[in-house]
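Subject: Structure handover, salt bridges

Hello,

Here is the structure for your next look. Please open it first, then read my notes on charged pairs below.

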Amino acid sequence: MKKITTPLDKKTALWLKSGDRVLLSGYIYTSRDAGHKRMCEALQRGEELPIDLTNSVIYYVGPTPAKEGEVIGSAGPTTSGRMDAYAPMLMEKGLRGMIGKGERNGEVVNAMQKNGCVYFGAIGGAVLGAALGPKLGGAICKALGVDPKGSFGSLLTSRLVMGAI
């Protein structure tokens with residue numbers, strides 16, 4: 001397993017190969033299509049972004065509504081294709097890594113090669129639960145004191161899988 005801490009520099013991104021198992025830690029931004037659209041529109045207007053994308057990693061996260069009394073619901077990886085229209089522009093501004101699920105289009109792949117960017121494929125919590133089976137998946141959550149169906153269970157399972165890819 002390759003252990004990497006953000007910020008993710010170009011040399012490290014190019015060192016990674018398809019199929020590598022990676023444990024990624026450090027600061028990771030979260031965003032999805034609406035956030036990407038706003039960032040690209042701001043850049044097109046000549047505005048600066050509120051964050052510096054240089055050597056950053058964005059996790060394409062799909063949250064669910066929070067249960068009553070909770071701040072956030074479950075959150076796991078979302079389909080990366082929704083960000084494909086925006087990802088090349090963000091890579092030009094220094095984005096170095098993306099975490100999500102699903103394939104990327106040719107324009108994104110070309111931009112990744114041009115900019116030395118890496119895509120970390122993740123598996124959603126439901127897929128992991130099915131892969132682990134109810135006993136093992138439930139046992140992991142129970143050992144950590146979380147409800148596998150609760151707000152942390154989906155995030156936990158996604159995090160476990162991202163560390164094993």
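A salt bridge here is a side-chain nitrogen of Lys or Arg within 4 Å of a carboxyl oxygen of Asp or Glu. Note that this is a predicted model. The structure contains 5 salt bridges. Three of the pairs are described below.

K2 and D20
K2 pairs with D20, and their closest N and O atoms are 2.7 Å apart. This pair joins distant parts of the chain, 18 residues apart. K2 belongs to strand β1 (residues 2-5). D20 sits in the loop between α1 (10-15) and β2 (22-25).

R45 and E47
Here the closest N and O atoms of E47 and R45 are 2.8 Å apart, in a salt bridge. R45 is exposed, because its relative accessible area is 54% and the cut-off for exposed is over 50%. E47 has 37% relative accessibility, so E47 counts as partly exposed.

D84 and R104
The side chains of D84 and R104 form a salt bridge at 2.7 Å, N to O. This pair also links distant parts of the chain, with the two positions 20 residues apart in numbering. D84 lies in the loop between β5 (75-77) and α3 (87-92). R104 lies in the loop between β6 (97-100) and α4 (106-115).

Are these two residues, D84 and R104, buried or exposed? D84 is buried, because its relative accessible area of 6% falls under the 20% cut-off. R104 is at 12% relative accessibility, so R104 is buried as well.

Best regards

Note on methods. Residues are numbered from 1 along each chain as its sequence is written. This is a predicted model: local features need pLDDT of at least 70, side-chain atom pairs count only at pLDDT 80 or more; totals for chains, interfaces and linings use all residues. Side-chain values use heavy atoms; hydrogens and water are left out. Helices (H or I, at least four residues) and strands (E, at least two) are DSSP runs, numbered from the N terminus. Buried means under 20% relative accessible area, exposed over 50%, partly exposed in between (1.4 Å probe, protein chains only).
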